[in-house]
Each structure stands twice: as structure tokens, then as C-alpha cells.
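Have your viewer open and a selection box ready. We will start at a single residue, step back to the whole chain, and finish at a pocket.

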Amino acid sequence: MRQVLVLNGPNLGRLGSREPEVYGSASFADLAAACQQAGRELGLDVQVRQTDDEAELVRWVHAAADARTPVVLNPAAFTHYSYALRDALAMRTAPLVEVHLSNPAARESFRHTSVVAGVADGTVAGFGVLSYQLALRAVAALISAAPSPG
Ligand code: DQA
């Protein structure tokens, strides 16, 4: 079964208690369970991780590139300013879908820029946990359109 990483950046481990009016009431554990369920339905082996550490996120992205592992990524605040993350993602060797719970385009102006979007296959934003489920569907479609040689 093809492995897919669902990577999450800073403060997303606080879901449930973090600004629930913006990010919803689901906890990070709920989000992870929903992703794993979507993976089972799509025939994907989904592993969900979260870090508040930019260097750790960059290392995970490097390892995904080495292993040709597709990634669903919520870069959280790194979306808006991390050129280090963008440069790491530019080395990708498998599908990459950017995802957001909220709709950054409808929020503060600093959220309107994504330095990651230009190196992703696409972005799903604004649908809460459903954004991740849709992103995993997109990854499944991209994989079946261009299966990994290995
Ligand atoms: C977010 C949107 C970002 O602007 C914010 O910094 C986050 C979460 C989202 O999922 O809506 O931490 O990526």
C-alpha cells in the first residue's frame, strides 16, 4: 500500500482549543483519525505528524523526497514566510498538496501569500477537516495518474 505523509506545522497540535471559531472543535487526534480513515477508504497508508519546529519539518520533507513519498502539508504559519520550507519542497519527487483548515484568502492580508503554493500540485483550503480528506483524494488521483516506478 502506498504510504502518504500528512505533515502539520506549528500550533496545529493545539487544535480543539486553538481559536475554535476559526479552526473548529476537532482536536489534532480527531484530525489524525479522520485522515487515517480517509486513507483506508482510498487504499493509502496514511501517517500523520505535527511539529512546531521548522528544522524538523524540513527534515521530514527531505526524507519524503528521498523515499518518493507523497505529502499532504499544512505548513500553518510557515506557509506565509518559510523560504527554507519552500526550497525543501521544491526538491519533491512525488505529489504534494497544500492544505488549510481555514481559508487564508478570507483572513488577514499577511495570510494571503503562500510561499509554498508555487511548488505544490494544488491547494485545498477553507473546509476544516474536510480539506484534508479532499487533499488525500487528490493525492490518490495523482498517484493513480502517475504510479511510482518503484
Ligand atoms: C492555517 C492557516 C495559517 O494562516 C495559520 O498560520 C495556521 C493554520 C490553516 O490551516 O487554516 O496555523 O494553515
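**Stop one: Ala138**

Select Ala138, which you will find in helix H5, the helix made of residues 129–145. Keep in mind as you look around that this is a predicted model. Is Ala138 buried, exposed or partly exposed? Its relative accessible area is 27%, so Ala138 counts as partly exposed, since that class lies between the 20% and 50% cut-offs.

Now add Pro95 to your selection. Ala138 and Pro95 are 43 residues apart along the chain, yet their C-alpha atoms are separated by 9.0 Å.

**Stop two: the whole protein**

Zoom out and switch to a cartoon view. You should be able to pick out five helices and five strands. Follow them from the N terminus and the order reads β-α-α-β-α-β-α-β-β-α. The radius of gyration is 14 Å, close to the 15 Å that the globule rule gives for 150 residues, so the protein is as compact as a globular protein of that length. Turn the C-alpha trace along its principal axes, and it spans about 45 × 30 × 25 Å.

Of the 150 residues, 45% count as buried. Switch on the surface next: about 7200 Å² is accessible, and 51% of that belongs to carbon and sulfur atoms.

**Stop three: the largest pocket**

Which residues lie nearest the centre of the largest pocket? Select Tyr23, Ala76, Ala77, Arg107 and Arg111 to see them, out of 16 lining residues. The space there is about 170 Å³. Colour the lining by class, and you get seven nonpolar, six polar and three charged residues.

Methods. Residues are numbered from 1 along each chain as its sequence is written. This is a predicted model: local features need pLDDT of at least 70, side-chain atom pairs count only at pLDDT 80 or more; totals for chains, interfaces and linings use all residues. Side-chain values use heavy atoms; hydrogens and water are left out. On a 1 Å grid over the protein atoms alone, a cavity is a set of points where a 1.4 Å probe fits but cannot get out, and a pocket is an open set with protein on both sides within 12 Å along at least five of seven lines; lining residues have an atom within 4 Å of a point. Grid points are joined across faces, edges and corners, and a volume is the space filled by probe spheres set on the points. Ala, Val, Leu, Ile, Met, Phe, Trp, Tyr, Cys and Pro count as nonpolar, Asp, Glu, Lys and Arg as charged, and the others, Gly among them, as polar. Helices (H or I, at least four residues) and strands (E, at least two) are DSSP runs, numbered from the N terminus. Buried means under 20% relative accessible area, exposed over 50%, partly exposed in between (1.4 Å probe, protein chains only). The radius of gyration is taken over C-alpha atoms; the globule rule is 2.2 Å times the number of residues to the power 0.38. Accessible areas come from the Shrake-Rupley method with a 1.4 Å probe; for residues, only the protein chains shown count as cover.
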